[in-house]
Amino acid sequence: MQSINSFEPVICIENLDHYFGKSQLRKQVLFNINLKINVGEIIIMTGPSGSGKTTLLTLVGGLRSAQSGSLRVLGRELCGASAKQLTQARRNNGYIFQAHNLHSSLTAIQNVRMGLELQPKILPQEMLMRSQAMLEAVGLANRLNYYPDNLSGGQKQRVAIARALVSQPKIVLADEPTAALDKQSGRDVVELMQKLAKEQGCTILLVTHDNRILDIADRIVYMEDGHLVRDGVSTIAVE
Ligand SMILES: Nc1ncnc2c1ncn2[C@@H]1O[C@H](COP(=O)(O)OP(=O)(O)OP(=O)(O)O)[C@@H](O)[C@H]1O
């Protein structure tokens with residue numbers, strides 16, 4: 001197995017194309033994407049609806065197979081990777097989605113604990129302790145045994161963040177994490193992600209339409225019609 005050295009970007013995308021559908025219905029949705037993301041960077045990917053942001057995020061996350069070009073994540077080539085290799089790659093990632101995807105029949109702490117289920121060799125007691133510590137870190141120490149239905153939107157998204165980060169993933173992939181939140185909750189959630197990620201030294205790739213959070217990024221990449229048209233340092237100020 002290849003391993004990443006400290007000089008290699010965490011995510012290295014070269015000449016990546018992607019197609020959906022077969023034969024006459026085949027449609028190209030990503031065109032010659034090139035992007036390098038370094039350890040600890042927070043990258044926001046933005047651009048119009050249908051421009052290919054989620055497709056690119058899911059490819060990086062090993063949630064779908066890369067077909068053409070090169071996509072190296074933590075030193076592993078995902079283009080042409082087997083299902084087993086993709087499963088392996090997914091274990092290094094934390095995922096946060098717009099609709100938090102919490103299990104409604106599990107309490108906050110049980111949901112967070114799910115984030116550790118795939119990790120080998122963690123004792124049940126340690127799982128609980130780490131889940132509790134993570135919920136404390138996101139300000140939910142007094143909500144450990146609440147079910148999602150009894151939490152606000154912002155609190156649910158904080159549980160989802162705790163679940164994504166409890167395994168101390170090297171990469172966090174977030175798709176519209178603030179879309180369902182009001183302005184203040186959205187800001188709180190991304191600032192929390194930023195703080196925890198900096199503490200853990202993890203890299204964040206975040207897709208958003210939310211202009212109010214662009215300033216948390218180290219770099220913003222802009223997608224249009226399947227092309228990555230801009231890649232630059234964040235200079236955006238929040239009103
Ligand atoms: N499973 C799929 N099968 C076929 N086409 C798809 C599939 N998923 C996405 N597409 C198409 O690929 C293109 C890119 O979609 P994608 O969801 O990546 O865009 P996006 O920039 O994330 O959009 P949004 O901001 O609305 O979420 C669109 O034309 C979409 O219709």
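In this predicted model, the buried residues of helix H4 are covered by parts of the structure that include helix H3 (108-114) and helix H5 (153-165). The residues of H4 that are buried are Arg-130, Ser-131, Met-134 and Leu-135. Seen down the helix axis, the buried residues of H4 fall within an arc of 135 degrees, so they line one face of the helix. The face turned away from this buried side tells the other half of the story: it carries the exposed residues Gln-125, Glu-126 and Met-129.

The dimensions of H4 are also easy to follow. The helix runs over residues 124-137, and its 14 residues reach 20 Å from the first C-alpha to the last. This span is close to the 20 Å expected at 1.5 Å a residue. After H4 comes Gly-139, whose phi is positive, near 80 degrees.

From the helix, attention can turn to the strands. Strand E6 spans residues 93-97, and four of its five residues are buried, so the strand is largely enclosed by the rest of the structure. E6 pairs with strand E7 (residues 171-175) in the parallel sense, over five bridges. Within this pairing, Ile-96 has Ala-174 of E7 as its bridge partner.

Four further strands form an open sheet in the order E2-E1-E4-E5, with antiparallel pairing. Its edges are strand E2 (27-37) and strand E5 (76-77), each of which pairs on one side only. Strand E1 (residues 11-20) and strand E4 (residues 68-73) run antiparallel and are joined by five bridges. To locate this pairing in the model, a reader can look for Glu-14, whose bridge partner in E4 is Ser-70. As a general guide to viewing strands, the side chains of a regular strand alternate between the two faces of the sheet.

The last feature to visit is the ligand and its surroundings. The ligand is surrounded by Phe-20, Gly-21 and Val-29, together with Ser-49, Gly-50, Ser-51, Gly-52, Lys-53, Thr-54 and Thr-55. By character, the residues of this shell divide into seven polar, two nonpolar and one charged. Helix H1 (residues 53-60) gives the most to the shell around the ligand, contributing three residues.

Technical notes
Residues are numbered from 1 along each chain as its sequence is written. This is a predicted model: local features need pLDDT of at least 70, side-chain atom pairs count only at pLDDT 80 or more; totals for chains, interfaces and linings use all residues. A residue is near a molecule or strand if its C-beta atom, placed from the backbone, lies within 6 Å of it. Helices (H or I, at least four residues) and strands (E, at least two) are DSSP runs, numbered from the N terminus. Ala, Val, Leu, Ile, Met, Phe, Trp, Tyr, Cys and Pro count as nonpolar, Asp, Glu, Lys and Arg as charged, and the others, Gly among them, as polar. The expected span of a helix is 1.5 Å times one less than its number of residues. A residue is buried if 20 or more other C-beta atoms lie within 10 Å of its own, exposed if 12 or fewer, and partly exposed in between; C-beta atoms are placed from the backbone. The arc is that of the directions from the helix axis to the C-beta atoms. Two residues are in contact if their C-beta atoms, placed from the backbone, lie within 7 Å. Two strands pair if DSSP finds at least two bridges between them.
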